[in-house]
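Please open the structure in your viewer and keep the selection panel at hand. The stops below are meant to be taken in order, each with something to select and something to look for.

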Amino acid sequence: MAANACWGVEVGQNALKAIKLVKTSTGVEVADWAVIPHKRVLSAPETDEKDAKRVAVGTLVSQKDLAKSALAASVAGSQAFARFAKLPPVEPKKIPDIVKFEAVQQIPFPIEDVEWDYQTFVSPDGAGGEDVEVGIFAMTRDRVQEKIDKWQDVGRVPDVLTLSPLAAYNALAYDMTFTESMPGTVILDIGTTSTDLVVAEGGRLWIRTFPIGGHQFTEALATAFNLSYLKAEKLKKEAENSSAARHVLQAMRPVFGDLAQDVQRSIGYYTSLHKDAKLTRLVGLGSTWHLPGLRKFLSQQLSMEVVRLETFQRVKLDDAEKNTEFQAASVNLATAYGLALQGLGMQTIDANLMPISATRSAVWGQKTKYFVMAASLLFVAGGASFIRPFIDSQAVAGAVRPSAAIDGVKREAQELKAKWTEAEGQDKPDPRSSVAMDLLQNRDLYGYLLDDLGQVMATADGALKTPADEPARVALLSWKPAFRPPAGAAADPAAAPAGGTDAFADRARVAQELQIRVALPEAEADRFINTTVQKWLVDNDKRTGRPYFLDRASIKIVSLGQQTIDAAGALGAATGGSPRTPGETAR
């Protein structure tokens, strides 16, 4: 996807960081930005991390206009998976199949339980040919949905959801103009509870995340000086300008050593895989790099140039004072910068973990305004048929005419008056207005229904577990939803709450007809549909998060090469119908 304006938002452990970029004729420029600190660092004891992040997102939405721009969000490298593998020499069209096979092998979860994407990297092999490597990036669907829910609470759905280390790489690749001939570069983004290490070298990318971050430095200070966690955190932030910097550095030296050891181990593993690798510099990201002595210590241990990102080279604000403040925060804004670039389609790595169903729902929501505009135009067109005669009559009355013309107008007026008298008292609305109003009916329900349908098919497909090298064994042939008006009262008194009122009585009722093909023998197909599709419909017929309830589900199943069977869902009881069970012959 690509937009003309995009907000990149990283919700970290210390603060929410956001940048809005817009496209220009020469590249991009910063339209707005924000850093919203949490009331306390989220790694502190007894801190509700989820609540604090929701508050930060709500604050951003209340302070900034996110409605007219794309939205790109990140997930921490420690919450996702990044795996890399070298591909055998094959035709480009076969790469997706090989990558899917690698994904099944590399991801430590069932493939149907994760959202995943990949990126291929091509580099010279030293013998005149090319090596093709693949990076596979994945996250469990539960965690993806948790990220989406956080944004849906404020009325938004991200267009892009990607890993923080990939976003940081995209930022530096654009801002520092990475090329295949550039010196091998290590990007070290030290977060609060973990550190992302990214190797960018010779057209390749490699990522590792390890559990050392600012939290460990704070705990070292708390132990050394017998301080509370929050006081130790404050001391760490002030260490760079503190007169006690030497003592602070001494207390944190063991953590410095652990960090250097993990970095050395990661670089050593990468160079063992790529014998021709030449890594010459390290670029530091994150506020932990403000600690005194950290750059010098790592430079000595790693024997390479170590620098901290001080300012961005290719983006700035026009206001000099605001730009100074923005550039001072750049060491913490790289991830948000890279996210916004991906939202604009200007990324180097294009990995997106947003589920297709969520993206489809968001696109449907964005099109609603066009439906409203179309309805408005139809309404105006219908109204014009009433207004135009009035305008014409005023024009006739104000004109100077000969007597013959006046007599003709009088006759026409009398004829019109006779027709008006004949039609008076009859209610004949313009059918175009009715059509225009119908466009607005139930427009908000289809996004939810499409999501339900996606969940139903995912449940069935996941239960059958189609092998990767075979066609899909569960297929949706047709889907026909039908809306019914609210019943006004519970059809089944036993299903009503204790107070005697059905909470769903005033909601739209939805009847659905699904035609599903299952590659199983007839009897097995019946049992399979009962335990997957039908069970899902029964379990989810009434939910507080939907503006409707499922009134009756009529499921037609086509078993490959066998008789068509009609199975009426158990939800038919909600309207007093006579449900049929799998196995009955369709009529």
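What follows is a tour that begins with the whole chain and then moves through a few of its strands and helices.

**The whole chain**

Begin with everything displayed, bearing in mind that this is a predicted model. The chain contains 15 helices and 18 strands, and of its 587 residues 44% are buried. If you turn on a surface, the chain exposes about 30,400 Å², with carbon and sulfur atoms supplying 52% of that area. Among the contacts between residues at least 6 apart in sequence, 66% join residues at least 24 apart.

**The sheet of β5, β7 and β6**

Select residues 81-86 and 114-124, which are β5 and β6, and add residues 130-140, which are β7. These three strands make an open sheet in the order β5-β7-β6, with antiparallel pairing. Because β5 and β6 stand at the edges and each has a single partner strand, one side of each is left without a neighbour in the sheet. From one strand to the next, the twist averages 20°.

Now look along the pairing of β5 with β7, which is antiparallel and extends over six bridges; here phenylalanine 81 can be found opposite alanine 138 of β7. Next add residues 141-152, helix α3, which lies across β6 and β7 and runs at about 70° to β7.

**Helices α4 and α10**

Move on to residues 164-175 (α4) and 330-343 (α10), whose axes are 7 Å apart and which pack at an angle of about 80°. That angle makes α4 roughly perpendicular to α10. To see where the two helices meet, show side chains for Ser164, Ala167, Ala168, Asn170, Ala171, Tyr174 and Asp175 in α4, and for Ala334, Thr335, Tyr337, Gly338, Leu339, Leu341 and Gln342 in α10. Coloured by class, the residues of this contact divide into eight nonpolar, five polar and one charged.

**Strand β10 and its two partners**

Select residues 195-201, strand β10, in which seven of the seven residues are buried. Which residues of β10 point one way, and which the other way? Thr195, Leu197, Val199 and Glu201 point one way, whereas Asp196, Val198 and Ala200 point the other way, and all of them are buried. In a regular strand, side chains alternate between the two faces of the sheet.

Add residues 184-190, strand β9, which pairs with β10 in the antiparallel sense over six bridges. Isoleucine 187 has valine 198 in β10 as its bridge partner, and the two strands form a hairpin with four residues between them.

Then add residues 204-210, strand β11, which runs antiparallel to β10 and is joined to β10 by seven bridges. Threonine 195 stands opposite phenylalanine 210 in β11. The hairpin of β10 and β11 has two residues between the strands, and in this hairpin glycine 202 takes a positive phi near 60°.

**Helices α5 and α6**

For the last stop, select residues 214-225 (α5) and 229-237 (α6), which pack at an angle of about 110° with their axes 8 Å apart, an arrangement that makes α5 roughly perpendicular to α6. On the α5 side the residues that meet α6 are Gly214, His215, Phe217, Thr218, Glu219, Leu221, Ala222 and Phe225, and on the α6 side they are Tyr229, Ala232, Glu233, Leu235 and Lys236. By class, this contact has seven nonpolar, three polar and three charged residues.

How values were computed. Residues numbered from 1 in each chain as written. Heavy atoms only, no water. Axes fitted to C-alpha atoms, helices over the stretch in contact; angles between N-to-C directions. Parallel < 35°, antiparallel > 145°, perpendicular 65-115°, else oblique. Contact = heavy atoms within 4.5 Å. Nonpolar A, V, L, I, M, F, W, Y, C, P; charged D, E, K, R; others polar. Pairing = 2+ DSSP bridges. Buried < 20%, exposed > 50% of the residue type's maximum accessible area, 1.4 Å probe, protein only. Areas by Shrake-Rupley, 256 points an atom, 1.4 Å probe, with all protein chains shown as cover.
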